[in-house]
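Dear colleague,

Please find below the structure that I am handing over to you. My notes on what was found in it follow.

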Amino acid sequence: MPATGKAFKCLTFAKVQHTVLPYDQAQGPKKLQVQTLFDRIAGRYDRLNEMLSFRLHRHWRRQLVAALEPRSPQDILDLATGTGDVAFELLRLNPQQVIGIDLSAAMLAVANRKAQKHPKAQLVRFLQADSERLPFEDNMFDAVTVAFGIRNFEHLHQAFAESLRVLRPQGCFAILEFSLPPRQPMKSLFHAYLRLICPLLGGCVSGHWQAYWYLYQSIAAFPQPEVLRNQLEKVGFRQVTWQRLFPGICTLLLAYK
């Protein structure tokens, strides 16, 4: 890639970390704004996910879990767990434990209500914690996952470094995230959907249109997979691979300690 291309992508990486905010600069740092945003929409978050993704998010979660299945992880940490859907999906791997963490107390309250009805509830627990300052010992988990959450981190480098720290040797870090499709016409169609349809529908249902305008902005500005690979390798991950999932608007990255 030409040097100018690399410089542009590095600039894009910096931009999403420092300027793409749910609200405005006066509302405080990104971490606090993200917490406030998800506290406000927690009660309708799952319903909107189903509607806006056309239920494709279920298929993507299953692919994340399938990628981890050959490794049979026993202790799993799910970052930015939200209402717990990925954490519950990970129970299909028959682990000893799954811990889900999130900044939003309201999202975790929904996750805990779900856990009360789950047949394997004793294997999962939810904690309010910061993915950039994990309250766990070194080398504690066989796998760390994050689905549709890394765009919301304030300092990606710190979150990646913390994930590496708590992973055991040969442990896997699995990232599921939206990404702009590389080819037309899907790229333009997805861009238009995020910019026009998501804020309209999300705002009508949740009452907080800012949350879904932020969704568009954060996806549009977020680094492409090859840039994320470089960031992961800088903190010490190895064998970083990725694949675009159908219909090209979501990417699954795997990295190893």
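In which loop does Thr 83 lie? Thr 83 is placed between strand S1 (75-79) and helix H4 (85-90). Please bear in mind that the model is predicted.

Thr 83 counts as buried, because its relative accessibility is 3% and the cut-off for buried is under 20%. Its side chain makes a polar contact of 3.2 Å with the side chain of Lys 114. Leaving aside residues up to four places away in sequence, Thr 83 touches Tyr 45, Asp 46, Phe 88, Met 107, Val 110, Ala 111 and Lys 114. Lys 114 thus appears both among the residues touched and as the partner in the polar contact.

The chain as a whole may be described as follows. Its secondary structure consists of 9 helices and 7 strands. The radius of gyration is 17 Å, close to the 18 Å given by the globule rule for 257 residues, so the chain is as compact as a globular protein of that length. Along the principal axes, the C-alpha atoms fill a box of roughly 45 × 45 × 35 Å. Of the 257 residues, 52% count as buried. When contacts between residues at least 6 apart in sequence are considered, 72% of them join residues at least 24 apart. The exposed area is about 12000 Å², of which carbon and sulfur atoms supply 55%. The chain carries 31 positive and 20 negative charges, and the mean positions of the two sets are 6 Å apart.

Several points of backbone geometry also deserve a record. Two cis peptide bonds may be noted here: one joins Gln 184 and Pro 185, with omega about 5°, and another joins Phe 246 and Pro 247, with omega about 0°. Pro 185 is in the loop between strand S5 (167-178) and H7, while Pro 247 is in the loop between strand S6 (238-245) and strand S7 (250-256).

Positive phi values occur at Arg 55, near 65°, and at Phe 148, about 60°; neither Arg 55 nor Phe 148 is a glycine. Arg 55 is in the loop between helix H2 (30-52) and helix H3 (56-68) and counts as partly exposed at 47% relative accessibility. Phe 148, in the loop between strand S4 (141-147) and helix H6 (156-166), is buried, with a relative accessible area of 16%.

Finally, Ala 192 belongs to helix H7 (residues 186-206) and is partly exposed at 32% relative accessibility. Ala 192 and Tyr 216 are 24 residues apart in sequence, and their C-alpha atoms are 9.4 Å apart in space.

With kind regards

Note on methods. Residues numbered from 1 in each chain as written. Predicted model: local features only at pLDDT ≥ 70, side-chain atom pairs only at ≥ 80, totals over all residues. Heavy atoms only, no water. Helix = DSSP H or I, 4+ residues; strand = E, 2+ residues; numbered from the N terminus. Rg over C-alpha atoms; globule rule 2.2 N^0.38 Å. Buried < 20%, exposed > 50% of the residue type's maximum accessible area, 1.4 Å probe, protein only. Contact = heavy atoms within 4.5 Å. Areas by Shrake-Rupley, 256 points an atom, 1.4 Å probe, with all protein chains shown as cover. Lys, Arg positive; Asp, Glu negative; His and termini not counted. Charge placed at Lys NZ, Arg CZ, Asp CG, Glu CD. Polar contact = N/O pair within 3.5 Å; in protein donor to acceptor, adjacent residues only side chain to side chain.
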